Amino acid sequence: MTGSGLRSGQLADAAGVNQQTLRYYERRGLLDSPQRSPGGHRLYPAETVTLLRVIKTAQRLGFTLNEVADLLDAGRHQHRGRSDTGLQARASEKLIEVEQRLADLTVIRDTLRDAISAGCDDLVACAESTCCPLPFTEPPRRLSYRFQAPT
């Protein structure tokens, strides 16, 4: 660390991310553009480590980067008294999504167990069998959540 901030590599190491993540988060507006050293190196305030850890934790909890940006913005404007957009409301919404995913995954798990127990070995043959536990006759339902690739 220098006297006026952390260089990109130092910050990335301290926060457990790579330097490309820092630049991506800057482009997305999650991180403020850092100051520059006389030599042109990016210099981030030490508090940026905490901010990066917050972002990564929120992602692990299932929040998208857009949702993280909204949460950070809501936190910055908390003094306005807009509790409907803060962490409590967003966490409650996310919990509902997670519980739905868990319910969906439980159905998938149970169906796969049934398929293994039934000895299903060929999807086409299984689809034509009356004893196949796979739901070939039911139209696929839209999942109420979306998966996002980690960044």
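**Figure 1. Helices α4 and α5 cross at roughly 155°, their axes coming within 10 Å.** This is a predicted model, and our tour of it starts with a helix pair. Angles over 145 degrees count as roughly antiparallel, so α4 and α5 are roughly antiparallel to each other. Where do the two helices touch? On the α4 side look for E67, D70 and L71, which meet L87, R90, K94 and E97 of α5.

**Figure 2. A closer look at L95, a residue of helix α5.** Helix α5 covers residues 87-118. Is L95 tucked away or out in the open? Neither, quite: its relative accessibility is 47%, so L95 counts as partly exposed. Now find G62 as well. The C-alpha atoms of L95 and G62 lie 9.3 Å apart in space, though 33 residues separate the pair in sequence.

**Figure 3. The whole protein, for getting your bearings.** Count along the chain and you'll find 6 helices and 2 strands. Starting from the N terminus, the order is α-α-β-β-α-α-α-α. The protein has 151 residues, and 30% of them are buried. What about contacts between parts of the chain that are far along from each other? Take the contacts between residues at least 6 apart in sequence: 50% of these join residues at least 24 apart.

**Figure 4. Helix α1 and its buried side.** Which residues of α1 are buried? They are S8, L11, A12 and A15. These residues sit on the same side of α1, because they cover an arc of only 100° around the axis. A bit of helix background helps here: an α-helix has 3.6 residues a turn, so residues three or four places apart point the same way. The cover over the buried residues of α1 includes α2, β2 and α3. Just past the helix comes G16, with a positive phi near 75°.

**Figure 5. Helices α1 and α3 pack against each other at about 45°.** Two packed helices are described by the angle between their axes and the distance between the axes. For α1 and α3, that distance is 9 Å. With this angle, the pair is therefore oblique, and the crossing is right-handed. To see the contact itself, pick out L11, A14 and A15 in α1; facing them in α3 are T48, V49, L52 and R53, which they meet. Two of these names should ring a bell: L11 and A15 are also among the buried residues of α1.

**Figure 6. Helix α2, residues 19-28, with its buried residues T21, L22, Y25 and E26.** Why do these four belong to one side of α2? Their arc around the axis is only 140°, which puts them on the same side of the helix. Turn to the face away from that buried side, and you'll meet the exposed residues Q20 and R27. Several elements help cover the buried residues of α2, including α1 (8-15), β2 (42-43), α3 (48-60) and α4 (65-76).

**Figure 7. The two ends of helix α2.** What happens where α2 starts? Here N18 has a side-chain oxygen within 3.0 Å of the backbone nitrogen of Q20. Q20 is also one of the exposed residues on the face turned away from the buried side. At the other end, just after α2, look for G29, which takes a positive phi of about 85°.

How values were computed:
Residues are numbered from 1 along each chain as its sequence is written. This is a predicted model: local features need pLDDT of at least 70, side-chain atom pairs count only at pLDDT 80 or more; totals for chains, interfaces and linings use all residues. Side-chain values use heavy atoms; hydrogens and water are left out. Buried means under 20% relative accessible area, exposed over 50%, partly exposed in between (1.4 Å probe, protein chains only). The arc is that of the directions from the helix axis to the C-beta atoms. Contact means heavy atoms within 4.5 Å. A polar contact is a pair of N or O atoms within 3.5 Å; within protein, one must be able to donate a hydrogen and the other to accept it, and residues adjacent in sequence count only if both atoms are side-chain atoms. Axes are lines fitted to C-alpha atoms, for helices over the stretch in contact, and angles run from 0 to 180 degrees between N-to-C directions. Angles under 35 degrees count as roughly parallel, over 145 as roughly antiparallel, 65 to 115 as roughly perpendicular and the rest as oblique. A crossing is left-handed if the near helix is turned anticlockwise from the far one by less than a right angle, and right-handed if clockwise.
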